[in-house]
There are 2 protein chains.
Amino acid sequence: MQIIHTVQALRVSLGHAEDTAFVPTMGNLHDGHIALVRQAARTGSPVVASIFVNPLQFGQGEDFERYPRTLTTDADKLAAAGCDILFAPDVAEMYPEPQAFQVLPPLADDLCGAFRPGHFAGVCTVVLKLFEMVRPRYAVFGKKDYQQLFLLKGMVRQFNLPIKILAGETQRAADGLALSSRNGYLSATERQEAPRLQHELRAIASAIAAGEHHFSVLEAAAAAHLAEAGWKIDYVSVRSQATLRPPAAGEGKLVVLGAAWLNRTRLIDNLEIDRGAF
Amino acid sequence: MQIIHTVQALRVSLGHAEDTAFVPTMGNLHDGHIALVRQAARTGSPVVASIFVNPLQFGQGEDFERYPRTLTTDADKLAAAGCDILFAPDVAEMYPEPQAFQVLPPLADDLCGAFRPGHFAGVCTVVLKLFEMVRPRYAVFGKKDYQQLFLLKGMVRQFNLPIKILAGETQRAADGLALSSRNGYLSATERQEAPRLQHELRAIASAIAAGEHHFSVLEAAAAAHLAEAGWKIDYVSVRSQATLRPPAAGEGKLVVLGAAWLNRTRLIDNLEIDRGAF
């Protein structure tokens with residue numbers, strides 16, 4: 001596996017290759033990322049992964065500084081998973097001048113965006129830049145960051161990027177906790193508590209599957225259970241898979257999303273629900 | 001010359017060609033556009049031109065509806081100038097759904113942007129879309145739309161698009177009037193008056209070349225002369241070529257830009273000034 005740090009070297013290495021499969025990450029890789037790399041490899045295209053902790057998508061007071069940087073072990077994992085090129089630029093390489101041009105996505109003030117101002121503009125902007133550096137045919141993103149995946153699909157479609165976005169299923173620990181680099185922030189006690197978010201989303205999904213359609217009641221109940229267990233809730237919300245807005249009456253393909261804090265650690269998760277159109 | 005109306009047919013026709021030279025236009029072509037096409041042809045790459053009157057860059061009450069559509073004569077002119085592919089999508093092809101993702105450029109509220117809210121976001125967004133459809137190696141834009149050229153160069157650089165922007169010199173009538181599709185709106189009397197904008201910018205350039213550095217005095221004098229002659233001024237402003245902001249003390253490469261109305265027609269023009277660094 002080649003490890004490349006500059007845009008210029010990346011372009012030389014890729015040449016006119018137009019058939020790569022790309023997995024952008026922020027590093028500190030876990031089995032969720034590795035599953036995305038394996039999914040990329042299954043396209044049959046050469047696999048490019050990137051590791052870049054993007055300051056543009058972190059707000060004031062968020063965890064940009066303490067976000068774990070583990071390039072050496074990450075590189076070993078990527079090589080073992082079949083990655084061909086690792087692109088790991090530093091901040092000066094990605095932003096040689098202040099980034100004045102930004103992508104302004106819709107839904108930027110909704111769900112996670114409501115609690116992380118500027119986050120999705122930062123995500124879309126850096127991903128557009130990475131897409132232009134790599135110019136892949138495929139790009140793989142995990143469903144764990146559901147709103148991000150939704151927005152990046154929209155960006156590709158609305159900016160007419162000739163890239164196919166592949167969605168990777170969320171990888172989970174045995175107790176249901178979605179794998180996340182931020183799980184590393186959790187104390188042993190918090191780690192034991194953490195699966196409750198997923199359990200509450202699952203309870204909402206079951207109730208909807210059983211015919212409940214008062215979503216706001218389900219959302220409020222889940223939030224109350226989490227709060228009782230000591231969580232601070234950002235949101236628990238049932239949405240349309242098609243629009244990520246509150247579902248229209250009778251819409252079948254739903255997703256329930258949640259974001260909540262265990263002390264200083266913010267966790268997110270989601271679950272797709274297909275109750276059929278009716 | 002091929003004439004293509006859909007993105008899909010365009011991608012098929014271009015195949016994996018990565019070496020085209022692209023000239024985006026809104027049609028109603030004059031010798032200024034044709035000079036850009038000839039400049040594109042001089043790169044040695046196949047030339048793609050587009051004609052699309054982009055609703056996203058017109059504000060409420062602007063001339064989107066009356067902007068002249070002259071596809072047949074435009075196509076003849078392009079073929080004669082050496083264009084290989086004309087891409088002429090309709091609005092539904094460019095915007096099959098409401099354009100929720102936009103490019104947010106800097107300087108969007110300055111100069112022309114101050115008088116045309118949303119204009120440069122609309123320009124950058126449609127040009128990014130066109131760039132992704134065509135994926136050219138070169139793209140040619142005229143200096144007549146100086147702020148547009150400046151912003152598109154910035155967009156390419158900051159989004160890492162592997163495209164080289166070529167700047168075309170402004171083409172002028174014998175009396176100095178910059179060629180523009182909007183000149184067609186002018187009555188015979190207005191057409192006679194129209195070169196005054198360029199003459200006033202030239203007077204500012206001469207004064208600066210002669211050592212004058214009280215730019216605001218020059219700007220105010222030019223605006224006063226135009227107002228006396230019946231123009232409504234949007235702005236007359238001396239700027240830095242490097243930043244398009246007000247120049248730093250001693251900055252050598254300047255540009256003077258003006259925008260003003262003759263009755264219902266808005267004209268813009270500009271002139272680069274190199275007084276040397278000092």
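A nonpolar core, as meant here, is a set of buried Ala, Val, Leu, Ile, Met, Phe, Trp, Tyr and Cys residues joined through C-beta atoms within 7 Å. In this predicted model, the largest such core has 156 residues. The residues with the most contacts inside that core are A:Val37, A:Val256, B:Val37 and B:Val256. Below is a quick tour, starting with the core and moving on to the two chains, the domains of chain A, a hairpin and one loop residue.

**Around a core residue**

- Let's start with A:Val37, one of the residues with the most contacts inside the core.
- Leaving aside residues up to four places away in sequence, A:Val37 touches A:Val23, A:Val47, A:Ala49, A:Leu78, A:Ala81, A:Gly82 and A:Cys83.

**How the two chains are related**

- Any two copies of a chain are related by a rotation about an axis and a shift along it.
- Here, a turn of 180° and a shift of 0.0 Å along the axis lay chain B on chain A, with an RMSD of 0.0 Å.
- That is the relation of a two-fold axis.
- Among the residues of chain B, B:Val103 comes closest to the rotation axis, with its C-alpha at 2.4 Å.

**Where the chains meet**

- Chain B puts 23 residues into the contact, and chain A puts in 23 residues as well.
- On the side of chain B that touches chain A, the elements giving two or more residues are α1 (7-14), β5 (102-104), α6 (119-134) and α7 (146-158) of chain B.
- Of these, α6(B) gives the largest share of that side, four residues.
- Sorted by character, the residues on the side of chain B that touches chain A are 13 nonpolar, six polar and four charged.
- The copies meet through the same surface, because 100% of the interface residues of chain B are also interface residues in chain A.
- Strands pair up across the two chains too: β5 (residues 102-104) of chain A and β5(B) run antiparallel, with three bridges.
- In that pairing, A:Val103 sits opposite B:Val103 in β5(B).

**Two domains in chain A**

- The domain assignment splits chain A into domain 1 (2-168) and domain 2 (181-271).
- The C-alpha centres of domain 1 and domain 2 of chain A are 26 Å apart.
- Each domain of chain A brings eleven residues to the contact between them.
- On the side of domain 1 of chain A that touches domain 2 of chain A, α5 (112-115) and α7 (146-158) of chain A each supply at least two residues.
- The largest share of that side of domain 1, three residues, belongs to α7(A).
- That side of domain 1 of chain A has eight nonpolar residues, three polar and no charged ones.

**A hairpin in chain A**

- Strands β9 (residues 253-262) and β10 (residues 265-274) of chain A run antiparallel and are joined by ten bridges.
- Together β9(A) and β10(A) make a hairpin with two residues between them.
- In the turn, A:Asn263 has a positive phi of about 55°.
- A:Val256, already met in the core, has A:Leu271 in β10(A) as its bridge partner.

**A loop residue to look at**

- A:Asn183 is in the loop between β7 (164-168) and α8 (188-193) of chain A.
- With 16 other C-beta atoms within 10 Å, A:Asn183 counts as partly exposed.
- Not counting residues up to four places away in sequence, A:Asn183 touches A:Leu177 and A:Ala194.
- A:Asn183 and A:Leu267 are 84 residues apart in sequence, but 7.9 Å apart in space from C-alpha to C-alpha.

Key
Residues numbered from 1 in each chain as written. Chains lettered and ligands numbered in written order. Predicted model: local features only at pLDDT ≥ 70, side-chain atom pairs only at ≥ 80, totals over all residues. Contact = placed C-beta atoms within 7 Å. Nonpolar A, V, L, I, M, F, W, Y, C, P; charged D, E, K, R; others polar. Pairing = 2+ DSSP bridges. Domains from an automatic or database assignment. Buried ≥ 20, exposed ≤ 12 C-beta atoms within 10 Å, placed from the backbone. Least-squares fit on C-alpha atoms with pLDDT ≥ 70 in both.
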